[in-house]
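I set out to look up a few points of structure and to keep a short record of each. The entries below follow the order in which I looked.

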Amino acid sequence: YSLIYGLMCLSSLNNLEDNGFATLAGGLRLLCELTTLDLSSNKLSISSGSLLADILKGMPAIRNLFLGITELPRSCKDSSQWNPFDCNNTIVQAQELAAVIFSLETLLVLDISGNKIGSECFTDILASVNEQLSLESLDISCNSLKTGDLAQLSRLSKIRSLLLGRGSKGFSAETITESLNIIEARHFFELRDSLHIADATHLDLSSLELGTPGSNFAEAMSFMKNVVKLDLSGNNLGPDSISSISQPLGRMVRLEELDLSFNKIGGSGAKGLAEAFGFLQDMTSLNIGDNDLGPAGMLEISAALQSMTRMKHFNISSNNISIAGSTVLGSAISRMANLLSLNISNNWLQQVGVTQIAASLKSLVQLQHLNARHNFACSGDCVKEWLPALQSMQFLTMLDLGAVREYSSHTKDQISLAAPSARIIWK
């Protein structure tokens, strides 16, 4: 398959380590037409750098190179025991390898996340950049970089996708705190040219503490006119920062995917959200989970959400919507007929709320993933109100109905019959 399609994937925790990679090196040298090589999460150290550099010299067609930490496996999504740095690479610290990588004129996508590069090494690596480099996408998340290091990125003039945070990997900030990049928010505006913000279409700026006092992030956002995908999760923006960025956010008319989760927006910050959302009606993915919006915040943004009829992925989990906000939540999702995934978990809708949104769920006939855990304090039996809706979801493959109390056997049987193709989580 590698020879036919030009793709070699050896990632996903195969744990090759240096000895395993050395064994495979002879075979890799034969794949001179390879266009994609994925070696992420294999514990490859700096000692393998020279060997990989030599291999890459014989791959003149290479376009996509993944040497970072792999995304959290789907099977581990609910596991707090898995640490991405149990198997991360540090191979990019090898100077010879860095020089070869940044001389590859065909290279378009490069992932060197989680290599613990650090400031001094990063400066040396960027010094190797070939002016003819065509690199369009760069993931340097989780590398212990600091604000001053990012000025070096000005050498990569064709970058359109830049990942600095941890959101793209699906990791919790707590898991990888020691390697997060630390960006001083007050200098963000000065970095706008180095980060190619005016040209960027994909920016991961998660967990960079952009909501700290004195931040001029809102000014920098005014240049983000071409962004299609934006991750601002985990920045503790709060109500004030949300209000300050609402206008520049609303001007991102090309925006399709937005992540604002874990930002302590609260009910008082929902007005700023509503102002921005009113101009972003073409979005297809929105995550505003873990913001404690409450019923009042839900009411504030409801009208804007109802206009987002192209939405495919919507996460409003952990917002304390409760019974009081369930009606407006139902009104919003009833208009999102194209939804493929919906996360309304940890909102404690309880029996009344669950009943109130039952009718709205009937319109979601294309839904594939539904996460509604921790909404049922009624022995789970109140979810029977959803049976007609579940029967209409013919493409449903994952259904999370985790409840505090045990479901009755009869209820489990009814739900299983209503969603026969879905993997159902009960606890």
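**Entry 1. Terms and overall make-up**

I take helices and strands as DSSP runs numbered from the N terminus, with at least four residues for a helix (H or I) and at least two for a strand (E). The model I examined is predicted. I counted 13 helices and 15 strands in the protein. Of its 427 residues, 53% count as buried. I then looked at contacts between residues at least 6 apart in sequence, and 84% of these join residues at least 24 apart.

**Entry 2. Gly272 and its surroundings**

I located Gly272 in helix H8. Is Gly272 buried or exposed? Its relative accessibility is 5%, and the cut-off for buried is under 20%, so Gly272 counts as buried. I next asked which residues Gly272 touches beyond its neighbours within four places in sequence. The contacts are Ile242 and Ser246. For Gly272 and Ile242, I noted a C-alpha to C-alpha distance of 5.8 Å across a separation of 30 residues in sequence.

**Entry 3. The largest nonpolar core**

I found 128 residues in the largest nonpolar core. Leu205, Leu230, Phe277, Phe314 and Trp386 are the residues with the most contacts inside this core. Which helix gives the most to the core? Helix H8 (residues 266-277) does, with five residues.

I followed Trp386 further, leaving aside its neighbours within four places in sequence. Trp386 is in contact with Ile344, Val354, Ile357, Ala358, Leu361, Leu370, Ala372, Phe376 and Leu401.

**Entry 4. Packing of H10 and H11**

I recorded two values for this pair, since two packed helices are described by the angle between their axes and the distance between the axes. Helix H10 (residues 322-334) packs against helix H11 (residues 350-361) at an angle of about 10°, and the axes are 8 Å apart. An angle under 35 degrees counts as roughly parallel, and H10 and H11 are therefore roughly parallel to each other.

I listed the residues that make the contact. From H10 they are Ile323, Ser326, Thr327, Gly330, Ser331, Ile333 and Ser334. From H11 they are Gln350, Val352, Gly353, Gln356, Ile357, Ser360 and Leu361. How many residues of each class take part in the contact of H10 with H11? I noted five nonpolar, nine polar and no charged residues. Ile357 and Leu361, named here for H11, also appear among the contacts of Trp386.

**Entry 5. Salt bridges**

How many salt bridges does a search of the whole structure find? The search finds four; I followed up some of them.

I saw that Asp54 and Arg29 meet through their side chains in a salt bridge at 2.5 Å, N to O. This pair links distant parts of the chain, as Asp54 is in helix H3 (residues 49-57) and Arg29 in helix H2 (residues 17-29), 25 residues apart. Asp54, at 39% relative accessibility, counts as partly exposed, and so does Arg29, at 41%.

I then turned to Glu257 and Lys229, whose side chains form a salt bridge at 3.8 Å, N to O. Here too distant parts of the chain are linked: Glu257 belongs to strand S9 (residues 257-259) and Lys229 to strand S8 (residues 229-231), with their positions 28 residues apart. I noted Glu257 as partly exposed at 29% relative accessibility, and Lys229 as partly exposed at 37%.

I also looked up Lys412, which forms a salt bridge with Glu406, the closest N and O atoms being 3.0 Å apart. Lys412 is partly exposed at 23%, as is Glu406 at 44%.

**Entry 6. Positive phi**

I searched for positive phi because most residues other than glycine have a negative phi. Lys116 has a phi near 50°. Lys116 is found in the loop between strand S4 (109-111) and helix H5 (118-126), and its relative accessible area of 37% makes it partly exposed.

His196 has a positive phi of about 55°. Where does His196 lie? I placed His196 in the loop between strand S6 (161-163) and strand S7 (202-204). At 10% relative accessibility, His196 counts as buried.

**Entry 7. Thr36**

I placed Thr36 in strand S2 (residues 36-38). Thr36 is buried, with a relative accessible area of 13%. Thr36 and Ile62 are 26 residues apart in sequence, and I noted 6.0 Å between their C-alpha atoms.

Note on methods. Residues numbered from 1 in each chain as written. Predicted model: local features only at pLDDT ≥ 70, side-chain atom pairs only at ≥ 80, totals over all residues. Heavy atoms only, no water. Buried < 20%, exposed > 50% of the residue type's maximum accessible area, 1.4 Å probe, protein only. Core = buried A, V, L, I, M, F, W, Y, C linked by side-chain atoms within 4.5 Å. Contact = heavy atoms within 4.5 Å. Axes fitted to C-alpha atoms, helices over the stretch in contact; angles between N-to-C directions. Parallel < 35°, antiparallel > 145°, perpendicular 65-115°, else oblique. Nonpolar A, V, L, I, M, F, W, Y, C, P; charged D, E, K, R; others polar.
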